[in-house]
Amino acid sequence: MAVYWAGEVFVLWVCLAAFDRVTPGVAAVVVGYATGYALTRRTLPLAGAGAVEALLPFALVWVGFGLPSAVLAVFAYRFFNLWLPLGPAAFGLY
């Protein structure tokens, strides 16, 4: 499970680095990621669907990132996190 979370944080870090002018600190990304996901687990019944996109940018702003780069980074992160694996998963089901 730790490898999965490390991969998640790494992808978020890469997305933030792509849309921000400075290389983000690992500690800030970890705290923003953990805070954003802790907030999204409280949103039932959909278990975070849509809430990640709404709350994770504000958690990243809270740790020092700009809102425009945080929003773009979160949407890019969710593409890699959620939508990109759907193609191989759908193929695997077939």
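Which helix gives the most to the nonpolar patch? Keep that one in mind while I walk you through this thing. And a quick heads-up before we start: what you're looking at is a predicted model.

Okay, the answer. Helix H4, residues 67–83, gives the most to that patch, with four residues. The patch sits on the surface, and its members are Phe79, Phe80, Leu82, Trp83, Leu84 and Leu86. Together they have about 600 Å² of accessible area.

Let's pick one of them, tryptophan 83. You'll find tryptophan 83 in helix H4. Is tryptophan 83 buried or exposed? Its relative accessibility is 53%, and exposed means over 50%, so tryptophan 83 counts as exposed.

Now let's zoom out. How many helices and strands are there in the protein? Five helices and zero strands. If you read along the sequence, you get the pattern α-α-α-α-α. There are 94 residues, and 30% of them count as buried.

Next up, how do the helices pack? I'll stay with H4 and look at two partners.

Partner one is helix H3, residues 51–62. H3 and H4 pack at an angle of about 135 degrees, and their axes are 9 Å apart. That angle is why we call H3 oblique to H4. As for the handedness, H3 passes H4 in a right-handed crossing.

If you want a residue to look at on H3, try leucine 55, which is found in that helix. With 27% relative accessibility, leucine 55 counts as partly exposed. Now find valine 74: leucine 55 and valine 74 are 19 residues apart along the chain, and their C-alpha atoms are separated by 9.7 Å.

Partner two is helix H1, residues 2–19. H1 and H4 also pack at an angle of about 135 degrees, here with axes 8 Å apart. So H1 and H4 are oblique to each other, and their crossing is right-handed.

On H1, have a look at glutamate 8, which is found in that helix. Buried or exposed, what would you guess for glutamate 8? Glutamate 8 has 9% relative accessibility, and the cut-off for buried is under 20%, so glutamate 8 counts as buried. How far along the chain is glutamate 8 from tyrosine 77? They're 69 residues apart, yet their C-alpha atoms are separated by 8.5 Å.

One more helix before I sit down. H2 covers residues 26–40, and leucine 39 lies in it. Leucine 39 has a relative accessible area of 42%, so we call leucine 39 partly exposed. Its C-alpha atom and that of alanine 59 are separated by 8.9 Å, with the two positions 20 residues apart along the chain count.

So, to pull it together: the protein has five helices and zero strands, H4 packs against H3 at about 135 degrees and against H1 at about 135 degrees, and H4 gives the most to the nonpolar patch. Thanks, everyone!

How values were computed: Residues are numbered from 1 along each chain as its sequence is written. This is a predicted model: local features need pLDDT of at least 70, side-chain atom pairs count only at pLDDT 80 or more; totals for chains, interfaces and linings use all residues. Side-chain values use heavy atoms; hydrogens and water are left out. Patches are made of residues with over 30% relative accessible area and no salt bridge: like charges are joined within 9 Å, nonpolar side chains (Val, Leu, Ile, Met, Phe, Trp, Tyr) within 5 Å. Accessible areas come from the Shrake-Rupley method with a 1.4 Å probe; for residues, only the protein chains shown count as cover. A salt bridge is a side-chain nitrogen of Lys or Arg within 4 Å of a carboxyl oxygen of Asp or Glu. Buried means under 20% relative accessible area, exposed over 50%, partly exposed in between (1.4 Å probe, protein chains only). Axes are lines fitted to C-alpha atoms, for helices over the stretch in contact, and angles run from 0 to 180 degrees between N-to-C directions. Angles under 35 degrees count as roughly parallel, over 145 as roughly antiparallel, 65 to 115 as roughly perpendicular and the rest as oblique. A crossing is left-handed if the near helix is turned anticlockwise from the far one by less than a right angle, and right-handed if clockwise.
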